[in-house]
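Trainee: Before we look at any details, could we go through this model together, step by step, with me asking and you reasoning aloud?

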Amino acid sequence: MRHLLTLFFSLFFASLFSQNATLQGTVTDVASGEMLPGVTVRAGGIGAATDLNGQYKIQLPPGSYEVTFSYTGYEGRKYTVRLVGGQSFTLDMQLSDADNLLQQATVTAGKFEKPLGEVTVSLDVLRPRLLENVNSSQVDESLIKIPGVSVLDGQASIRGGAGFSYGAGTRVLMLVDDIPALQVDAGFPNWADFPVENISQIEVLKGAASALYGSSAMNGIINIRTRFAGDKPETDVALFSQVWGAPKDERMKWWGDPDTGYIRMPIETGFSFAHRRKEGKWDFVLGAYGLYRDSYNKDTYARYGRITPNIRFRVNDRLSIGLNSNFNFGRSGSFFTWANDSTGVFLPGSGSSSASLGRLRFNVDPTVQYFDRGGNRHKFLGRYYYVHNNNSGDQGNDSRMLYGEYQYQRPMENIGLVATAGLVAIYTTISAELYRGDYNTQNYAGYLQLDWKAFDRLNLSGGVRYERNILTSPEVIQVSPTEYDTIPGGITREGKPVYRIGANYQVGKGTFFRASWGQGYRYPTIAEKFIDTGFGIGRVAPNPRLISETGWTAELGVKQGFALGKFQGFVDVTGFISEYTDMMEFDLDRVFPAIVFKSKNIGNTRVSGFEVSVMGQGQIGPGTLYLLTGLTTIDPIYRLAEGEAFDQATYKTSINKNVLKYRFRNMFKFDAEYAISGWSFGAAVQYNSHMEAVDAVFEAFIPGVQSFRNKNNNGFTVLDLRASRKIGKHLKVSAIVGNLLNEAYSLRPALLEGPRNYTLRLDWKM
């Protein structure tokens with residue numbers, strides 16, 4: 001009997017210890033309690049990722065294990081456990097945000113989350129704190145704080161990649177949650193559409209990115225990532241008002257006499273609202289925004305409202321379905337050139353005023369995300385984008401876009417490789433007085449990118465994309481009162497492949513070297529090829545023979561992290577060069593019998609330079625300091641043939657020097673904020689060197705342009721100050737003084753920026 005019992009217990013324990021144990025649990029954010037999906041959990045060489053509910057489960061043989069938890073943007077955690085066969089062991093874990101800014105989570109460089117320090121290209125991140133504290137009514141007002149970024153008449157440029165193209169064509173692709181968000185006929189970002197009230201972060205990728213994102217991304221990407229609902233309901237409300245004072249030269253001031261129909265004072269006032277909550281498997285986000293503006297520029301105004309309802313349904317731990325939307329309606333007015341540089345600097349020049357008598361823009365974006373049992377991600381992104389602009393001066397336009405993208409992403413953790421592939425299809429229809437006809441475009445693309453992390457220090461990435469464009473237009477195009485051009489059959493087709501490669505090597509704990517090379521490609525917009533309208537001093541004529549531009553960007557850079565006590569950050573130093581072939585820009589076509597501009601292929605160009613930026617945050621003394629600063633220096637030139645001398649008349653430029661028009665050689669940005677005991681104090685400085693070259697016709701035919709440029713040829717410096725005070729747990733009052741020194745400055749000819757201004761803002765958060 002004793003032998004039988006011994007045999008029984010031996011078999012029992014052998015059976016027990018031969019069984020696997022189950023390690024399971026939930027991973028949450030330590031501050032908010034929110035479930036964290038996608039956290040990597042590893043034990044004994046076996047890995048798993050948390051699902052949409054933050055849960056994980058791993059089968060392991062009995063024994064002791066060190067369990068690691070890692071998640072981009074959070075501090076990693078380790079925990080030792082001892083598992084018994086047949087046991088289910090629950091290990092819940094809370095993760096906290098990484099203090100090291102190099103660990104910030106980014107997605108734009110590879111369509112999956114990656115720490116900022118490990119990306120192979122220049123990438124900057126703008127957090128919503130700055131948008132709120134400087135009272136940005138539109139995203140572009142904060143983007144100009146990022147080193148190397150400028151915005152001229154609504155078009156963004158990165159490191160001098162673009163000049164001045166009013167209302168048509170961009171080399172910087174705008175994304176909202178990874179979906180292209182440019183108005184399709186003109187490649188124009190409608191800044192008033194982007195939800196400043198509900199932004200998680202803005203990622204700015206500098207350099208050619210066409211291999212992953214396609215046409216319009218040849219100079220970079222601005223990706224706005226919106227916020228989703230957390231486990232706790234959140235409500236944010238803001239009320240704000242801004243007024244402009246008198247300029248230094250009192251002759252410039254036209255407002256202040258309501259008896260003559262003038263406004264008493266230029267003013268901007270509005271509100272924002274955002275509510276986010278979860279109900280079971282549902283996530284709800286509702287945003288709203290309203291703005292009323294009477295500008296310091298006469299006949300320039302805005303009245304609009306925006307609502308952004310977003311929903312997401314988590315079907316199970318693998319499948320989620322979302323529907324985001326944005327509706328914007330309103331009207332506005334503006335002018336293109338001033339009357340003169342003294343008494344008429346804030347008054348419209350003859351025939352340069354235009355108005356939107358009414359507009360409606362909306363987009364509806366369905367999304368589906370599914371993780372299969374192999375851990376592969378399948379993602380569908382869709383968009384229907386409708387634009388109706390009822391503009392004065394025969395400048396109305398209507399456009400519709402259908403966008404669809406399928407992404408497949410396979411993470412191979414055992415070898416550190418992530419493969420991302422996708423198919424894209426875009427179909428647009430355009431009907432507009434601006435273009436004198438009806439048009440439709442088709443874009444089809446396929447892409448593949450591989451990201452490999454080797455030896456825990458080396459990150460390599462490479463990608464390829466093939467893009468096909470088909471344009472249907474009228475067959476006969478009137479290019480002047482007496483001239484016509486013909487497009488055979490009214491069909492234009494073109495296809496091109498583009499490539500990119502990049503590497504990032506971590507030398508030390510906070511030192512990252514990177515190198516990248518990427519091709520760019522941009523197909524002309526409908527506006528660039530077919531616009532036919534008047535403006536101020538002349539007309540813009542169509543150019544059906546305009547061809548696409550190509551190019552490449554290469555860079556070498558280093559990110560060096562640092563820690564000064566509890567203040568942490570990084571220094572980024574970058575050298576870069578971009579070359580463009582058949583660059584497209586608006587150019588003077590003729591001056592007799594009328595001034596006519598056209599979008600043309602102006603030739604081959606090169607922009608080279610370097611950039612130094614510093615970003616940091618942390619405790620200094622009793623308070624917390626937030627810092628963002630940088631210097632960008634560029635050398636923008638035409639690539640001349642060997643032995644060819646620069647000819648001022650050929651390029652119709654204002655100076656006899658080989659320099660591209662509408663660029664600032666040097667840009668310096670500085671923004672710092674110090675928070676202590678509920679108070680916060682901030683200062684911002686922006687310096688731009690003199691814009692050396694512009695179109696000669698602006699100086700010759702617009703009153704005051706040449707004299708203003710001659711008097712203000714040392715660049716300009718703008719200083720802003722701000723302060724805020726928290727009242728209790730939920731309220732904050734902010735005061736801002738913009739252009740404190742009342743600088744008279746211009747970002748482009750014949751349009752002066754605003755004088756000193758004052759803003760008061762109230763924020764309520766629950």
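Mentor: Let us begin with a definition: rings of Phe, Tyr and Trp, taking the six-membered ring of Trp, count as a pair if their centres lie within 6.5 Å. Please keep in mind throughout that this is a predicted model.

Trainee: Which residues form one aromatic cluster?

Mentor: A search of the whole structure finds 27 aromatic pairs. One cluster is made up of Trp and Tyr residues together with a Phe, and its members are Trp244, Trp254, Trp255, Tyr262, Tyr296 and Phe346.

Trainee: Which residue lies over the face of Trp254?

Mentor: Trp254 belongs to the aromatic cluster just named, and it is also listed in a separate core of 51 residues, which includes Leu152, Ile595 and Ile702 as well. Over the face of its ring, at 6.0 Å from the ring centre, lies Lys298.

Trainee: How far from the ring centre of Tyr580 is the charged end of Arg171?

Mentor: For an Arg, the atom that is considered is CZ, and it has to be within 6 Å of the ring centre and within 35 degrees of the ring normal. The charged end of Arg171 does sit over the ring of Tyr580, and its distance from the centre is 5.7 Å.

Trainee: Which strand gives the most residues to the largest nonpolar core?

Mentor: The largest nonpolar core has 61 residues, and those that touch the most other members are Val139, Leu143 and Ile202. Leaving aside residues up to four places away in sequence, Val139 touches several residues, among them Trp191, Phe194 and Ile224. As for strands, the one that gives the most to this core, with five residues at positions 172-176, is β14.

Trainee: Why is strand β1 described as largely enclosed by the rest of the structure?

Mentor: A residue is called buried when its relative accessible area is under 20%. Strand β1 covers residues 21-29, and it is largely enclosed because the number of its nine residues that are buried is eight.

Trainee: Which residue of β8 stands opposite Thr28?

Mentor: It helps to go through the partners of β1 in turn: six bridges join it in the antiparallel sense to β4, where Thr22 stands opposite Gln59. With β7 the pairing is parallel, over three bridges, and there Gln24 has Thr90 as its bridge partner. With β8 the pairing is again parallel over three bridges, and the residue opposite Thr28 is Gln94.

Trainee: What is the bridge partner of Glu66 in β6?

Mentor: An open sheet of four strands, with antiparallel pairing, follows the order β3-β2-β5-β6. Its edge strands, which pair on one side only, are β3 and β6, and neighbouring strands are turned against each other by 20 degrees on average, with direction ignored. Between β5 and β6 there are seven bridges, and in β6 the partner of Glu66 is Thr80.

Trainee: Is Asp456 buried or exposed?

Mentor: Asp456 is not a glycine, yet it has a positive phi of about 60 degrees, and it is found in the loop between β29 and β30. Exposed means over 50% relative accessible area. At 62%, Asp456 is therefore exposed.

Trainee: What relative accessibility does Ser677 have?

Mentor: Ser677 also has a positive phi, of about 50 degrees, although it is not a glycine, and it lies in the loop between β41 and β42. Ser677 counts as exposed because its relative accessibility is 66%.

Definitions and conventions. Residues numbered from 1 in each chain as written. Predicted model: local features only at pLDDT ≥ 70, side-chain atom pairs only at ≥ 80, totals over all residues. Heavy atoms only, no water. Pairing = 2+ DSSP bridges. Helix = DSSP H or I, 4+ residues; strand = E, 2+ residues; numbered from the N terminus. Axes fitted to C-alpha atoms, helices over the stretch in contact; angles between N-to-C directions. Core = buried A, V, L, I, M, F, W, Y, C linked by side-chain atoms within 4.5 Å. Buried < 20%, exposed > 50% of the residue type's maximum accessible area, 1.4 Å probe, protein only. Contact = heavy atoms within 4.5 Å. Phe/Tyr/Trp six-rings, centres within 6.5 Å; stacked < 30°, edge-to-face > 60°.
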